[in-house]
Amino acid sequence: MLIKTENLTMTYKNGFTAVKNLSLNVAEGDIFGFLGPNGAGKTTTIRMLTGLLKPSSGKVFVNELDVASNENEVKKIIGVVPESHGYYNWMTSVEYLSYFAELFGKDKSKYTKHIEYLLEKVGLSDKKKVPIGHYSRGMKQRLGIAKSLINNPKIIFLDEPTLGLDPIGQKDIQNLIFEINKVMNVTVFITSHLLKDIEVLCNKVSIVQNGELIEQGSIKELQDKYSENETIKLKTSDNIKVYQFLKENKMFTGLELKDDNIYIYVNKACNNNLLNEAKHYIVEKLFVNSIDIHEIGKVETTIEDIFFKLTDKKVRN
Ligand SMILES: Nc1ncnc2c1ncn2[C@@H]1O[C@H](COP(=O)(O)OP(=O)(O)OP(=O)(O)O)[C@@H](O)[C@H]1O
Ligand SMILES: [Mg+2]
């Protein structure tokens, strides 16, 4: 495991426990989504994982090193994009990245090329001579990601990297994260409230609330676990008539007419083939009645559905 925590707990000076007995495992190569409502303890956890905050109890291992006693070694192999960062607005991106390269003790002859490479990757090559103060929020965020990669880390931590970005900016960051993970082979630990992005990006997620882990697994595992029903989405030339037909059949556990579609629920527990049987039944029934099918497909449970289901149950603090 590249990151492993054991019963990680953080009680702040005022007595408030923001993280409770958290045990996480992040494997090399993962894009690991760390989810939870506001105040769940995500930033607190990232600060402990990156050695910025000393846990009240419990342990953090990064690349098998105990962070508490190997802070400097750990800093060499991680990169961090914090929730909010201060920039030196008068600097250009090259000056800014050079400053951090030197902090890592890199030689100028070596880092110059690396900075060119990183600026190209984050799409800022043409803004090299522009002071950071003139950058848009999206550009600053991409520069922050370049900064997190300056030491060729094994893992980067991104705390809400798309916060405040427009949809294009969000997509840029998403593509960039894929590239960092797949091309540069960097493991990614990310928090985000954009659950649709998390679903596309992450191979594994953990959900926390009130400082406690409430669920974890791969997206597929969670989808299987939290969908009691298989759902078929159907659009036809006469939805009302079809709805009436289908209502007569006991094969379905539920039917809903919503936004120009019919949602048909089939109990998953009954039999694995029921979904196919249901589809065949529908297609045949509509054919016999000369009703056109405009669309038919299976609807997957989303991470958003699961997130609401889990976090609604508990009282928010
Ligand atoms: N220095 C501090 N002293 C006391 N309490 C704190 C401190 N920092 C954070 N907290 C509290 O700890 C809890 C967790 O905060 P944290 O910032 O880790 O949450 P988060 O999951 O990152 O939330 P968000 O999604 O809003 O960024 C919150 O209730 C917060 O008020
Ligand atoms: Mg936070």
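A crossover between two strands is called right-handed if, when the strands point away from you, the path from the first strand over the helix to the second runs clockwise. Keep that picture in mind, since you'll meet one of these units in this predicted model. Strand 8, helix 6 (residues 167–182) and strand 9 together make a right-handed β-α-β unit. Before going there, let's get our bearings.

The chain has 317 residues, and 32% of them are buried. It contains 11 helices and 15 strands. If you lay the C-alpha trace along its principal axes, it spans about 75 × 45 × 30 Å. The chain is split into two parts: domain 1 covers 3–223, and domain 2 covers 228–299. Taken over C-alpha atoms, the centres of domain 1 and domain 2 are separated by 44 Å. There's also a label from a record: an unreviewed UniProt entry carries the annotation "domain: ABC transporter" for residues 3–235. That span is 36% helix and 27% strand, and its end C-alpha atoms lie 46 Å apart.

Let's start walking at the N-terminal end. Strand 1 (residues 3–11) pairs with strand 2 (residues 17–22) in the antiparallel sense, over 3 bridges. One pair of partners to look for is Met10 and, in strand 2, Val19. Strand 1 and strand 2 form a hairpin with 5 residues between them, and in the turn you'll find Gly15, with a positive phi of about 95°.

Now look at ligand 1. Which residues are around ligand 1? Some have numbers you'll recognise from the stretch we just walked: Tyr12, Asn14, Phe16 and Ala18 are among them. The rest of the shell is made up of Gly36, Asn38, Gly39, Ala40, Gly41, Lys42, Thr43 and Thr44. Helix 1 (residues 42–49) gives the largest share of this shell, 3 residues. Sorted by class, the shell has 4 nonpolar, 7 polar and 1 charged residues.

Back to our β-α-β unit, and to strand 8 (residues 155–159) in particular. Is strand 8 enclosed or open? All 5 of its 5 residues are buried, so strand 8 is largely enclosed by the rest of the structure. Here's a handy idea for reading that: in a regular strand the side chains alternate between the two faces of the sheet. In strand 8, both faces are covered. Ile155, Phe157 and Asp159 are buried on one side, while Ile156 and Leu158 are buried on the other.

Strand 8 has paired strands to look for, too. Strand 7 (residues 78–81) pairs with strand 8 in the parallel sense, over 4 bridges, and Val81 has Leu158 of strand 8 as its bridge partner. Strand 9 (residues 187–191) also pairs with strand 8 in the parallel sense, this time over 5 bridges. There, the bridge partner of Ile156 is Val188 in strand 9.

The loops of this unit are worth a stop as well. Most residues other than glycine have a negative phi. Glu160 goes the other way: it is not a glycine, yet its phi is positive, about 50°. You'll find Glu160 in the loop between strand 8 and helix 6. Glu160 has 19 other C-beta atoms within 10 Å, and because a residue needs 20 or more to count as buried, Glu160 is partly exposed. Asn185 is another residue with a positive phi, near 60°, and it isn't a glycine either. Asn185 sits in the loop between helix 6 and strand 9. With 10 C-beta neighbours inside 10 Å, Asn185 counts as exposed.

Two lysines finish the tour. Lys204 lies in strand 10 (residues 204–209) and counts as partly exposed, because it has 19 C-beta neighbours inside 10 Å. Lys204 and Lys220 are 16 residues apart in sequence, and C-alpha to C-alpha they are 9.0 Å apart in space. Further along, Lys241 lies in helix 9 (residues 239–247). How many C-beta neighbours does Lys241 have inside 10 Å? The count is 13, so Lys241 is partly exposed too. Lys241 and Asn289 are 48 residues apart in sequence, while their C-alpha atoms are 9.8 Å apart in space.

Technical notes:
Residues are numbered from 1 along each chain as its sequence is written. Chains are lettered from A and ligands numbered from 1 in the order in which they are written. This is a predicted model: local features need pLDDT of at least 70, side-chain atom pairs count only at pLDDT 80 or more; totals for chains, interfaces and linings use all residues. A residue is near a molecule or strand if its C-beta atom, placed from the backbone, lies within 6 Å of it. Helices (H or I, at least four residues) and strands (E, at least two) are DSSP runs, numbered from the N terminus. Ala, Val, Leu, Ile, Met, Phe, Trp, Tyr, Cys and Pro count as nonpolar, Asp, Glu, Lys and Arg as charged, and the others, Gly among them, as polar. A residue is buried if 20 or more other C-beta atoms lie within 10 Å of its own, exposed if 12 or fewer, and partly exposed in between; C-beta atoms are placed from the backbone. Two strands pair if DSSP finds at least two bridges between them. Domain bounds come from an automatic or database domain assignment. UniProt positions are given in the numbering used here, feature names are shortened, and annotations may be inferred rather than shown by experiment.
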